[in-house]
Structures are given as C-alpha cells and as structure tokens.
Amino acid sequence: MATKNPKLSRFPKYDTNPFINVPVSSIKLGKKTTTINYNLVPKNKSRSDIGMASITNQVNDYDKTPFIKFYEKGLLSLSKLSKSALQIVSQINNLLQYNQIHIYIVAQDIMEKCGCETDKPYYDGLADLVDKEFLARSKSPNVYFINPEMFFKGNRVDTFLKED
C-alpha cells in the first residue's frame with residue numbers, strides 16, 4: 001500500500017478504528033502467576049497460638065509480543081518513514097495516554113514542536129504515517145486512530161481482549 005509522496009486527502013476516513021480486528025490475532029497471550037503470601041503473626045507467641053500462613057496464586061494474562069513503545073512491525077517500519085513523519089510520531093508518542101487508541105492532533109502544536117515553518121512537511125509527514133499504516137484517518141477532524149500493531153502505550157491485552 002505504501003506509495004511515494006502520498007496525499008493525505010486520498011486516504012479514507014473511518015467511524016471506528018480499522019486496525020482493531022487486526023491486532024487481536026497477533027497478540028501472543030501469556031499467563032503470569034503471582035504468588036502472594038500472607039503471614040498472620042500471633043500477638044501471644046505461646047505454642048497454643050501458632051500463626052497461620054496463607055498462599056494465594058493470582059494468574060494474569062499479559063501480552064508477550066515484544067514491546068519497546070513500538071512493536072516489532074512498527075520498529076522495522078520506522079526506517080521507512082520520512083523525517084517529518086518520524087518527528088510527528090515522536091510527538092504523538094509523547095502525547096498518547098495509557099491504553100489510548102486514537103489521538104486528537106493539534107496541527108499548530110505539532111508543527112511548532114517539530115520545527116515546521118510551513119504546513120507542507122506536517123501534512124506530508126501525516127500522509128506518510130497513514131500510508132505506512134501507523135495511523136488511520138478518522139471522520140472527526142484532526143482525530144487519528146493508532147495502529148496498535150505498530151505502536152501502543154499501555155496493555156493491549158486489557159484494552160483489546162478483556163471484557164468489562
């Protein structure tokens with residue numbers, strides 16, 4: 001799907017995040033057992049008042065996919081991004097909240113932080129991020145969906161696999 005010098009306006013807009021169904025199959029689910037010990041120490045240390053111990057094992061699901069802010073697919077794709085796209089994704093990463101699947105981008109703020117003197121490098125960078133599937137356009141102005149196969153801040157298991 002990647003093209004040279006894509007125009008942001010040629011990409012579709014979505015009501016919901018189009019990447020959500022993709023990562024569920026790619027999440028490598030693991031189980032983590034945490035052992036919790038409770039020791040009850042008696043106030044009276046006589047033989048008839050022996051303390052009791054309780055051991056509880058708690059099993060939690062976790063995402064075993066390699067993660068360093070960027071998952072493998074996203075990390076390998078970083079080298080293919082333009083300079084302006086790299087600057088924008090760096091700023092987006094700083095703005096993302098834990099388990100956030102979309103982001104509202106204030107163009108002027110990003111342009112200022114990236115040192116863009118005109119809006120052309122900003123929009124070219126955004127188009128590159130959409131083209132390389134780091135982001136998807138939303139039908140809401142300035143809102144972009146995050147592709148959690150590329151990068152994600154949070155716990156994908158809790159966000160995508162657990163039901164409330």
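Student: Two strands count as paired if DSSP finds at least two bridges between them. In which sense do E5 and E7 pair, and over how many bridges?

Tutor: This is a predicted model. In it, E5 and E7 pair in the antiparallel sense, over three bridges. One residue to look at is Ile103, whose bridge partner in E7 is Tyr144.

Student: How many bridges join E6 to E7?

Tutor: E6 and E7 are joined by three bridges and run antiparallel. Here Arg137 is the residue that stands opposite Tyr144 in E7. Tyr144 thus has Ile103 as a bridge partner and Arg137 opposite it.

Student: How many residues lie between the strands in the hairpin of E6 and E7?

Tutor: There are five residues between the strands, and in this hairpin Asn142 takes a positive phi near 65°.

Student: Which residues of E7 are buried on its two faces?

Tutor: Val143 and Phe145 are buried on one side, and Tyr144 and Ile146 are buried on the other, so that both faces of E7 are covered.

Student: Moving on to the core: how many residues has the largest nonpolar core?

Tutor: The largest nonpolar core has 28 residues. Ile92, Tyr122, Leu129, Phe134, Leu135 and Phe151 are those with the most contacts inside it. Two or more residues each are given to this core by helix H3 (83-95), helix H4 (107-114), helix H5 (120-131) and strand E7 (143-146).

Student: And which element gives the largest share of this core?

Tutor: H5 does, with five residues.

Student: What does a second, separate core include?

Tutor: The second core has five residues, including Ile27, Tyr71, Phe152 and Phe160.

Student: Let me return to H5. How far does H5 reach from its first C-alpha to its last?

Tutor: H5 has 12 residues and reaches 16 Å, close to the 16 Å expected at 1.5 Å a residue. Its buried residues are Tyr122, Gly125, Leu126, Ala127, Asp128, Leu129, Val130 and Asp131.

Student: What do the buried residues of H5 pack against?

Tutor: They pack against H3, H4, E6 and E7.

Student: What about H3: which of its residues are buried?

Tutor: In H3 the buried residues are Ser84, Ala85, Ile88, Val89, Gln91, Ile92 and Asn93. This helix has 13 residues and reaches 19 Å from its first C-alpha to its last, close to the 18 Å expected at 1.5 Å a residue.

Student: Which residue follows H5?

Tutor: Glu133 follows H5. It lies in the loop between H5 and E6 and has a positive phi of about 65° although it is not a glycine.

Student: Is Glu133 buried or partly exposed, and why?

Tutor: Glu133 counts as partly exposed because its relative accessibility is 29%, and that class runs from 20% to 50%.

Student: Where is Asn99 placed?

Tutor: Asn99 is placed in the loop between H3 and strand E5 (102-104). Asn99 also has a positive phi of about 65° without being a glycine. At 25% relative accessibility, Asn99 is partly exposed.

Student: Back to Phe134. What is it in contact with, leaving aside neighbours within four places in sequence?

Tutor: Phe134 is in contact with Phe70, Gly74, Ser77, Leu78, Leu81, Val89, Leu129, Phe145, Ile146, Asn147, Met150 and Phe151.

Student: Where is Ser77 found?

Tutor: Ser77 is found in helix H2 (residues 72-78). Not counting residues up to four places away in sequence, Ser77 touches Phe134 and Met150.

Student: Why does Ser77 count as buried?

Tutor: Ser77 is buried because its relative accessible area is 13%, and the cut-off is under 20%.

Student: Now H6. What does the side chain of Arg156 reach?

Tutor: The side chain of Arg156, a residue in helix H6, reaches the backbone oxygen of Pro148 at 2.9 Å. Arg156 is buried, with a relative accessible area of 1%.

Student: Is Asp158 buried or partly exposed?

Tutor: Asp158, also found in H6, is partly exposed at 38% relative accessibility. The C-alpha atom of Asp158 is separated by 9.0 Å from that of Asp63, 95 residues apart along the chain.

Student: Last topic: what is the mean pLDDT of the protein?

Tutor: The mean pLDDT is 82, and 79% of the residues reach 70 or more.

Student: Which elements have the lowest and the highest mean pLDDT?

Tutor: Strand E3 (residues 67-68) has the lowest, 50, and strand E6 (residues 135-137) the highest, 97. Where pLDDT is low, the predicted coordinates should not be read in detail.

Terms used: Residues are numbered from 1 along each chain as its sequence is written. This is a predicted model: local features need pLDDT of at least 70, side-chain atom pairs count only at pLDDT 80 or more; totals for chains, interfaces and linings use all residues. Side-chain values use heavy atoms; hydrogens and water are left out. Helices (H or I, at least four residues) and strands (E, at least two) are DSSP runs, numbered from the N terminus. Buried means under 20% relative accessible area, exposed over 50%, partly exposed in between (1.4 Å probe, protein chains only). Contact means heavy atoms within 4.5 Å. A nonpolar core is a set of buried Ala, Val, Leu, Ile, Met, Phe, Trp, Tyr and Cys residues joined through side-chain atoms within 4.5 Å. pLDDT is the predictor's confidence in each residue, from 0 to 100. The expected span of a helix is 1.5 Å times one less than its number of residues. A polar contact is a pair of N or O atoms within 3.5 Å; within protein, one must be able to donate a hydrogen and the other to accept it, and residues adjacent in sequence count only if both atoms are side-chain atoms.
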